[in-house]
Amino acid sequence: MISLLAPGQGSQKPGFMNAWLEIVAYRKDIEIMSDAIKVDLIKHGTVSDEVTIRDTAIAQPLIVAATIASANLIRHEDAEATAGHSVGEVAAGYLSGILNQSDAIQLVNVRAQAMAKAAAGTDTGMAAVLGGDATEVLATLEKLSLTAANYNGAGQIVAAGKSQDIVALSENPPAGSKVIVLSVAGAFHTQYMDPAKKELEIFTQSLSVSDPTKTIWSNHAAERITSGQEYLDLLVGQVANSVRWDLCMSTMVDAGVTAVIELSPAGTLAGLAKRGMPGVEVLALKDPNDIEQANKILERN
């Protein structure tokens, strides 16, 4: 079984679209999605600086558009399964047949703007805790009133909460761990995102979705999603709840996944998979040169 991985926020880098945009079909997809949400995704994927593309309202549609456009260049229909990390679940909804391309980009645009507004309400942030004993890490977060927002597996937990508490964590990390403060606008996947959850719920009521045509696993608890409505319900709740990517990886292994392809902008999930999914073939679709190898993997399926 081959699974496609849709990356989350933080995977984008300035200029990451440059080589991709030389492909006519890719550029056309990005132009269509840009027009749909009135955001110049080509500009943001080529010349915008890091500060600009880290803005939640820009980052999320930029990542999802790039993921969808890169998927459309490979034989993605031959993959049997998919999963997306955080905002990547929107792209995974497209890959699984739940959402069409237009609804996916509209949905992520609403999600991004709602989360950006929620983040502006309180001075919050996030930090990655690498290594250390997981029990001790979680105990430290609780003591500092921080939430484990992302359980990324491979010895990585992302903490989220008030900025002052993030600073305290970075100044006194749990034994054996390293803390990296992330350049994000707020405490995503925590109670601070509740206002965004309400706004997203209203929007999803207007969507017409299909049941998945391939296996898709949720960030909530790595459960297999069986209907379009279940997908929307879980996606709405996801913005204010922890991402259990650790469970997604272990569930994929248990389900018999033998290869994973991380779509563009790739690298982060592929790195986690190499450490957290031993024995599974991993490919990161970093640039157009990787298309041939991706199709070879899909053809073997």
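Hi everyone, this is a short tour of the pockets and aromatic contacts in one structure.

A word on the source: this is a predicted model, where local features need pLDDT of at least 70, side-chain atom pairs count only at pLDDT 80 or more, and totals for chains, interfaces and linings use all residues. Residues are numbered from 1 along each chain as its sequence is written, and side-chain values use heavy atoms, with hydrogens and water left out.

Let's start with the pockets. By pocket I mean an open set of points on a 1 Å grid over the protein atoms alone, where a 1.4 Å probe fits, with protein on both sides within 12 Å along at least five of seven lines; lining residues have an atom within 4 Å of a point. The largest pocket has 30 lining residues, and Gln9, Gly10, Asn150, Leu182 and Thr268 lie nearest its centre.

On to the second largest pocket. Its lining includes Gly10, Phe16, Trp20, Thr268 and Lys286. Gly10 and Thr268, then, are found in both linings.

Now, what does Trp20 pair with? Tryptophan 20 and tyrosine 26 form a stacked aromatic pair, 5.6 Å centre to centre with 25° between the planes. To pair, ring centres must lie within 6.5 Å, using the six-membered ring for Trp, and planes under 30 degrees apart count as stacked. Tryptophan 20 is buried, at 0% relative accessibility, and tyrosine 26 is also buried at 0%; buried means under 20% relative accessible area with a 1.4 Å probe, protein chains only.

One last contact: the charged end of arginine 244 sits over the ring of tyrosine 151, 4.0 Å from its centre (the rule asks for CZ of Arg within 6 Å of the ring centre and within 35 degrees of the ring normal).

Key: Phe/Tyr/Trp six-rings, centres within 6.5 Å; stacked < 30°, edge-to-face > 60°. Buried < 20%, exposed > 50% of the residue type's maximum accessible area, 1.4 Å probe, protein only.
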